[in-house]
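Dear colleague,

I am passing on the structure you asked about, and below it you will find what came out of a first careful look. Please keep the sequence and the 3D view open while you read.

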Amino acid sequence: MELRIDNISKRFKDKVAVDNFSVTLNNGVYGLLGKNGAGKTTLMRILADVSTQSEGEIYVDNKSKSSLGANYRELLGYLPQDVGFYKNFTAEKFLYYVAALKGLDKNKAKDKINELLKFVNLESDKKRKIGGFSGGMKQRLGIAQALLNDPKILILDEPTAGLDPNERVRFKNLISDISKDKIIILSTHIVSDIEFIANEILVMKDGMLIEKLTPSKIINKVRGKVYSIKVQEDLLYEIKSKFNISNISREKDKVVVRIVDEDKPYLDGGICTEEEPNLEDVFLYYFNEKVTNKG
Ligand SMILES: Nc1ncnc2c1ncn2[C@@H]1O[C@H](COP(=O)(O)OP(=O)(O)OP(=O)(O)O)[C@@H](O)[C@H]1O
Ligand SMILES: [Mg+2]
């Protein structure tokens, strides 16, 4: 399947939230990466057909979203950034409720709900009220409801928010299990969450798509721009004011500062070495104002 986002823009009065966004996606996992306010949710709401674009069109296998109508929505699964759960519903009841909203046949819904409760590891909690769920449990329930209709296009807005490290691992496995025949788009500003699951990373800034690359290629973009410098603690203040810092660690009486910069940082009394870049560095490179870059 091919999902083509063609020149999508969204304006709220004088605010341009999505700006001429174009990209073509095929089956696979795409990580939409951008800081707060970049326009991720706005774009995803348009993709999920809960909001309309100001300009542009979305095509599935060359058929437009507007001409597909209800057929478009049948292809979709959507996890909103803030799911409106009914606290007094049990997990199971909530899934039956969403299944009814999606127009699923009751018997089919029953099988699917049992399968999904197992899949997201909520089977033993299915009779519990959602009001007593942890953030991670709610998130897994949110993923389950998005999968009820076997969507071919799965849109997950910040699916890893509020998950603890174990739940993150679980989530990653879950996504790779279902990713074979689907287009999955997930947004986040936690880089490490998409590093291992996304086939491609879409970097969004000020409503625009500024990069579309595999994780390893995107890391190569900052190769040669990541350094560590070992200094006395008292130089830390100066370093913080001058450079873009991605990490600080301590070694005996010294501090080791990880810096992302176009040029090799120079500091009197510091030993500077080039480092192997990671996606956290990439995020800083694209989004921190102190780094001079083309993004
Ligand atoms: N209904 C609205 N009315 C006016 N402005 C809006 C509306 N929705 C979003 N915006 C603005 O559009 C921009 C993009 O917001 P959006 O929620 O899409 O960003 P985001 O990338 O999802 O951010 P976050 O990481 O915080 O979820 C922001 O400046 C936001 O204030
Ligand atoms: Mg958002």
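Thr-41 is partly exposed, because its relative accessible area is 25%, a value that falls between the 20% under which a residue counts as buried and the 50% over which a residue counts as exposed. Please bear in mind throughout that this is a predicted model. Thr-41 is also one of the residues that hold the magnesium ion, ligand 2, which is coordinated by the OG1 atom of Thr-41 and the OE1 atom of Gln-81 at 1.9 to 2.2 Å. These two residues bring together distant parts of the chain, since Thr-41 belongs to helix H1 (residues 40–47) while Gln-81 sits in the loop between strand E6 (76–79) and helix H4 (91–101), and they are 40 residues apart. Gln-81 is likewise partly exposed, because its relative accessible area is 37%, which lies between those two limits.

Helix H1 deserves a further look, as 6 of its 8 residues are buried, so that the helix can be called mostly covered. The buried residues in H1 are Lys-40, Thr-42, Leu-43, Met-44, Ile-46 and Leu-47. Just after H1 comes Asp-49, whose backbone takes a positive phi of about 65 degrees.

Next comes ligand 1. Which residues come nearest to ligand 1? Of the 14 residues around ligand 1, those that come nearest are Asn-36, Gly-37, Lys-40, Thr-41 and Thr-42. Helix H1 provides the largest share of this shell, with 3 residues, and both strand E2 (15–26) and H1 supply at least two residues each. If you sort the shell by residue type, you will find 3 nonpolar, 7 polar and 4 charged residues.

Several polar contacts can be followed in the 3D view. The side chain of Asn-36 has an N or O atom 2.9 Å from an oxygen atom of ligand 1, and Gly-37 has a polar backbone atom 2.8 Å from an oxygen atom of ligand 1. Gly-39 also takes part through its backbone, where an N or O atom lies 2.9 Å from an oxygen atom of ligand 1. On its own, ligand 1 has 630 Å² of accessible area, and the protein covers 63% of that.

Elsewhere, you may wish to look at the aromatic rings, where the count comes to 7 aromatic pairs. In one of them, Phe-85 and Phe-94 meet edge-to-face, with 5.0 Å from centre to centre and 65 degrees between the planes, and both Phe-85 and Phe-94 are buried. Another pair, formed by Tyr-286 and Phe-287, is tilted, with 6.5 Å from centre to centre and 55 degrees between the planes; here too, Tyr-286 and Phe-287 are both buried. Ring pairs also link Phe-283, Tyr-285, Tyr-286 and Phe-287 into a cluster.

Finally, there is Gln-145 in helix H6 (residues 135–147). Is Gln-145 buried or exposed? Gln-145 is buried, because its relative accessible area is 8%, which is under the limit of 20%. A polar atom of the side chain of Gln-145 lies 2.8 Å from the backbone oxygen of Gly-142.

With best wishes

Conventions: Residues numbered from 1 in each chain as written. Chains lettered and ligands numbered in written order. Predicted model: local features only at pLDDT ≥ 70, side-chain atom pairs only at ≥ 80, totals over all residues. Heavy atoms only, no water. Donors = N, O, S within 2.8 Å, 3.2 Å for Na, K, Ca; no water. Helix = DSSP H or I, 4+ residues; strand = E, 2+ residues; numbered from the N terminus. Buried < 20%, exposed > 50% of the residue type's maximum accessible area, 1.4 Å probe, protein only. Near = heavy atom within 4 Å. Polar contact = N/O pair within 3.5 Å; in protein donor to acceptor, adjacent residues only side chain to side chain. Areas by Shrake-Rupley, 256 points an atom, 1.4 Å probe, with all protein chains shown as cover. Nonpolar A, V, L, I, M, F, W, Y, C, P; charged D, E, K, R; others polar. Phe/Tyr/Trp six-rings, centres within 6.5 Å; stacked < 30°, edge-to-face > 60°.
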